[in-house]
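Good morning, and thank you for joining this session. I should like to take you through one structure, beginning with the surroundings of its ligand and ending with its core.

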Amino acid sequence: MNIEGLIARANEEATVVSSQEPDWQREANQRGLWAPARALLGSIRAYQRHAASSNRLARIPRMIAVLRHRFWSAVTGADIPLNCRLGGGLLLPHPNGVVIHPGAVVGPNCLIFQQVTIGAGTTPGLPRIGGHVDIGAGAKILGGVTIGDHAKIGANAVVLQDVPAGATAVGIPARLLHPDATLPAKIAA
Ligand SMILES: CC(C)(COP(=O)(O)OP(=O)(O)OC[C@H]1O[C@@H](n2cnc3c(N)ncnc32)[C@H](O)[C@@H]1OP(=O)(O)O)[C@@H](O)C(=O)NCCC(=O)NCCS
């Protein structure tokens with residue numbers, strides 16, 4: 001795709017999906033549908049809701065959330081700890097093999113495909129992922145890197161450096177596609 005096409009697509013997506021306001025519908029569990037990723041996320045959300053409660057009775061639903069989390073972690077094969085800092089509206093279409101360090105930060109409305117690792121690397125710190133970032137299958141984001149809003153990480157990329165807002169990074173180590181392209185107005189703002 002040429003640069004104009006990329007910018008037009010990024011502008012369109014930035015208008016449709018917010019990098020700031022979580023769209024909780026993206027996580028909503030639909031009755032009767034087999035959706036292990038949503039069930040796993042639901043257990044994490046429930047745990048964090050009840051962990052924040054000062055009500056002593058909240059211990060019971062919190063324990064239930066822990067059990068639900070263990071069950072769905074085993075089903076999905078994902079390692080997403082209960083204390084992960086995940087923005088709302090997270091999509092995990094195929095949660096198998098997804099590993100997220102609890103110290104990493106994932107912004108609202110992100111999309112994470114299978115076998116993605118977000119964790120420690122050789123550089124100090126942990127990844128900070130912006131809002132509405134799409135992370136392709138098998139990608140690894142390692143160390144104290146910052147991924148800007150609306151960025152895209154290609155399948156199997158190994159990201160060891162910051163990725164600016166709206167940019168696309170691919171390869172090992174990841175490089176920016178079209179690094180000289182002017183950022184779309186909505187993203188740069
Ligand atoms: C990174 C991605 C978003 C780029 O999409 P795009 O902007 O439409 O880019 P294009 O397809 O036009 O490719 C642009 C260039 O990047 C290269 N490229 C694209 N994806 C790549 C990847 N994952 N790794 C390495 N290079 C890649 C292309 O070969 C092309 O190179 P060229 O300019 O030398 O010909 C997309 O390729 C991708 O990896 N998406 C993840 C999809 C995924 O994980 N799906 C899982 C489904 S279960």
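Let me begin with a term: a residue is near a molecule if its C-beta atom, placed from the backbone, lies within 6 Å of it. Please keep in mind that what you see is a predicted model.

By that criterion, 14 residues surround the ligand. The closest are Gly136, Ala137, Gly154, Ala155 and Val170. How is the shell around the ligand divided by class? Seven of its residues are nonpolar, six are polar and one is charged.

I turn now to the chain as a whole. Its secondary structure comprises four helices and 13 strands. The chain has 189 residues, of which 36% count as buried. If we take contacts between residues at least 6 apart in sequence, 31% of them join residues at least 24 apart.

Next, the strands. Four of them form an open sheet in the order E2-E5-E8-E11, and their pairing is parallel. At the edges stand strand E2, residues 99-100, and strand E11, residues 158-159, each of which pairs on one side only. Strand E8, residues 140-142, runs parallel to E11 and is joined to E11 by two bridges. Within this part of the sheet, Ile141 is placed opposite Val159 of E11.

Val159 leads us to the core. The largest nonpolar core holds 38 residues, and those touching the most other members are Ile112, Ile135, Ile147, Ile153 and Val159. Two elements, helix H2 (36-51) and helix H3 (59-76), give two or more residues to this core. H2 supplies the largest share, namely five residues. Why does this core lie between domain 1 and domain 2? It does so because domain 1 (33-76) and domain 2 (84-189) both give residues to it. As general background, nonpolar side chains in soluble globular proteins tend to be buried together.

Ile112 deserves a closer look. Once its neighbours within four places in sequence are set aside, Ile112 is in contact with Leu90, Leu92, Val98 and Ile135.

My last residue is Asp149, located in the loop between strand E9 (146-147) and strand E10 (152-153). Is Asp149 buried or exposed? The threshold for a buried residue is 20 or more other C-beta atoms within 10 Å. Asp149 has 21 such atoms within 10 Å and is therefore buried. Asp149 and Ala165 are 16 residues apart in sequence, yet their C-alpha atoms are 4.7 Å apart in space.

Thank you for your attention.

Key: Residues numbered from 1 in each chain as written. Predicted model: local features only at pLDDT ≥ 70, side-chain atom pairs only at ≥ 80, totals over all residues. Pairing = 2+ DSSP bridges. Nonpolar A, V, L, I, M, F, W, Y, C, P; charged D, E, K, R; others polar. Buried ≥ 20, exposed ≤ 12 C-beta atoms within 10 Å, placed from the backbone. Contact = placed C-beta atoms within 7 Å. Core = buried A, V, L, I, M, F, W, Y, C linked by C-beta atoms within 7 Å. Domains from an automatic or database assignment.
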